[in-house]
Each structure stands twice: as structure tokens, then as C-alpha cells.
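Reader: I am new to this structure and would like to learn how to read it. Could you please guide me through the main features?

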Amino acid sequence: MLKERDFMLLNNKWIIWFLILLITVIWGYAWVLMKASLQFMGPFTFSALRFGVGSLTLLIILFVMGGGVPPKKQLKHLIIVGLLQTTIVFLLVMYGLRFVDAGKSSVLLYSMPIWSSLLAANILKEKISNRKVLGLSLGIIGLFAILGWDVLIDQNPGKIFGELLIVLAALSWGGSNVYYRLKLKNANGLQVTAYQMFFGTVGIIIAAFFMEWGQPIHITPLSIYYILFTGVLASALCFAIWFLLLRVIDTVTATLPTLLVPVFGLFFGSLLLNEKLTLNIIIGSALILAGVIIPLFFRKEKKRLLVRQMLN
């Protein structure tokens with residue numbers, strides 16, 4: 001049920017679009033900080049610190065808002081979602097960032113909707129419409145445009161390995177979405193986010209302990225800034241705003257602008273890290289974004305036509 005403040009937000013479209021733009025820019029910029037953090041500490045250690053700060057902040061927000069503790073029957077499912085969405089995804093992403101540019105990494109991870117659709121078709125038995133087939137085809141061609149160039153032309157084993165890790169991370173993210181819909185669809189959204197991130201952080205801490213124990217950690221004002229920005233803003237704040245938006249606008253409207261995240265990732269990577277935007281990255285990114293946008297766009301148009309028919 002929408003509260004009074006939700007109706008006030010719904011009636012102010014400028015605030016809604018400002019919030020959408022805010023989280024999109026923050027998530028895009030966070031890719032640069034994730035890449036830059038590797039000069040101060042190991043990838044798993046940074047992820048543990050980032051999501052430790054993020055999950056703590058989210059839990060505080062949750063309890064202030066009266067969210068409470070989830071039912072015991074949900075704990076097992078929250079642990080699984082946490083492992084899939086936080087532990088596996090960001091361990092693979094952060095390790096992959098050792099070999100792959102931040103901008104390209106953001107594009108590869110945001111191929112997630114492609115894998116979500118394929119997994120949903122096989123596990124949830126969802127029908128893949130013609131528009132989804134077109135979108136999946138474009139997205140897969142875009143992936144091959146990026147990966148294929150590095151395999152056939154660049155032939156850099158480290159880069160190829162890193163790219164495959166990030167694609168596996170996108171697959172794990174897609175799997176977590178399907179599992180969420182199977183087991184936690186009716187659960188409190190902010191509660192799920194806070195607790196899955198907490199359990200996922202525990203998994204990252206264990207990995208960091210075994211893989212990076214004894215490795216140097218350089219705590220400087222800059223590294224603290226990276227941890228706090230990605231933990232408090234990119235993780236906790238953005239997800240809190242995200243679930244607030246999902247309360248007042250439809251999923252398609254909320255999801256569509258977030259496809260600009262890899263665009264901002266490429267922009268900030270080029271601007272701040274001097275990453276090269278080669279032709280294959282531009283073409284591949286455009287195809288992946290088109291592959292995700294087309295099914296959402298036409299679904300929205302179809303809803304508009306149905307509404308007009310009902311009104312007439």
C-alpha cells in the first residue's frame with residue numbers, strides 16, 4: 001500500500017527522474033572507483049569492506065523504517081540469493097577488473113537481462129516472445145562483438161579470462177533474479193536487499209580471508225573515499241532509492257533508464273582512467289543495450305495500446 005509520502009513523490013515527476021538519474025550516474029561512476037581501488041588492496045578485500053559498510057548501512061535504514069527481521073522460513077532463500085547476487089557476482093567482477101577496463105566490464109555485467117530471460121524461459125517456463133528473441137539475438141551478437149575481437153584479434157589471455165569471469169557474474173546475477181522470483185517474490189524488497197547483502201558479505205569476507213590474508217592493505221584518504229562511496233552511496237543509498245521508486249512507478253519505467261549505467265561506466269572510464277573506446281566496444285555495447293531495451297520498449301508500447309483500446 002502506498003503511503004502519503006509515496007503519493008507526493010508519485011505526483012512530482014521531476015523528483016522521480018532526478019532520483020533515477022542520480023542512481024544511474026552513481027552506479028556508472030562506481031565502476032571507475034572499483035577499478036581504481038585495486039591499487040590499494042586486493043579485489044576481495046575491497047569487496048568485503050565495501051559491502052560490509054553497505055550492508056550495515058542498509059540494516060540501519062531497515063530498522064529505522066521498522067523493517068524488522070525476516071521470517072525464519074526466508075533465511076535459507078536469502079542466503080542463496082546473497083551468495084548468487086553479492087558473493088559470486090562481485091568476487092568475479094572485482095577479480096575480472098584486474099584484467100578488464102571498467103567501462104567494458106560494466107557493459108558485460110549489464111548483459112544480465114539476457115541471461116535472466118534465458119533462465120526464466122528454462123526454469124520458470126516463461127514464453128520468449130518474438131521481441132525477446134530479437135533482443136536476445138542482438139545482445140548475444142553484442143557480446144561476441146566484444147569477446148570475439150579479444151579472442152581473434154587481441155589474443156590477450158588475461159583479458160579474455162577477465163571478460164569470461166564478468167560474463168559468469170552476469171549469469172549468476174540472472175540466476176539470483178530467477179531464484180528471487182521463485183522463492184521471495186512476495187517478500188519485503190528492502191528487507192531482502194539488506195539481508196541478502198549481509199549474507200553475501202559474509203561469503204566475500206570468507207573468500208578474502210583465505211585468498212588474500214597477509215596481503216597489504218593501503219588505507220589512505222583516497223581508498224577510504226572509494227570504500228565509503230561504493231558502500232554507502234552506490235550500495236546502500238542507491239538500493240534504498242531503487243526500492244522506493246519501485247513502490248511508486250512501474251518496473252519498466254524504473255528499469256529502462258538504468259541501462260544507461262554501462263554508458264556512464266564507459267564515459268567515466270574513458271574520462272578518468274583514459275580507457276580506450278575501440279570500435280568493437282562501441283558496436284558491442286550498442287547491440288547489448290538495444291537487446292535489452294527493445295523487449296522493454298515494445299512491452300510498454302503494447303500496454304499503451306491496450307489502455308487506449310479500453311478507453312475507446
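Author: The dialogue below takes up the overall fold, the core and one helix pair. Please note that this is a predicted model.

Reader: How many helices and strands does the chain have?

Author: The chain has 13 helices and zero strands. Of its 312 residues, 49% are buried. Among contacts between residues at least 6 apart in sequence, 90% join residues at least 24 apart.

Reader: How should one read a nonpolar core, and which residues have the most contacts inside the largest one?

Author: In soluble globular proteins, nonpolar side chains tend to be buried together. Here the largest nonpolar core has 72 residues, and Trp31, Met34, Val93 and Leu109 have the most contacts inside it. Helix H2, residues 13-36, gives the most to this core, with 13 residues. Leaving aside residues up to four places away in sequence, Leu109 touches Trp31, Val89, Val93, Ile166, Ala169, Ala170 and Trp173.

Reader: How does one describe two packed helices, and at what angle do H4 and H9 pack?

Author: Two packed helices are described by the angle between their axes and the distance between the axes. Helix H4 (residues 72-96) and helix H9 (residues 189-212) pack at about 55 degrees, with their axes 7 Å apart. The two helices are therefore oblique to each other. H4 passes H9 in a right-handed crossing.

Reader: Which residues meet where H4 packs on H9?

Author: From H4, the residues include Leu75, Leu78, Gly82 and Thr86, and from H9 they include Tyr195, Phe199, Gly203 and Ile204. The residues of this contact divide into 11 nonpolar, 10 polar and no charged.

Conventions:
Residues numbered from 1 in each chain as written. Predicted model: local features only at pLDDT ≥ 70, side-chain atom pairs only at ≥ 80, totals over all residues. Heavy atoms only, no water. Core = buried A, V, L, I, M, F, W, Y, C linked by side-chain atoms within 4.5 Å. Buried < 20%, exposed > 50% of the residue type's maximum accessible area, 1.4 Å probe, protein only. Helix = DSSP H or I, 4+ residues; strand = E, 2+ residues; numbered from the N terminus. Contact = heavy atoms within 4.5 Å. Axes fitted to C-alpha atoms, helices over the stretch in contact; angles between N-to-C directions. Parallel < 35°, antiparallel > 145°, perpendicular 65-115°, else oblique. Left-handed = near helix turned anticlockwise from the far one by under 90°. Nonpolar A, V, L, I, M, F, W, Y, C, P; charged D, E, K, R; others polar.
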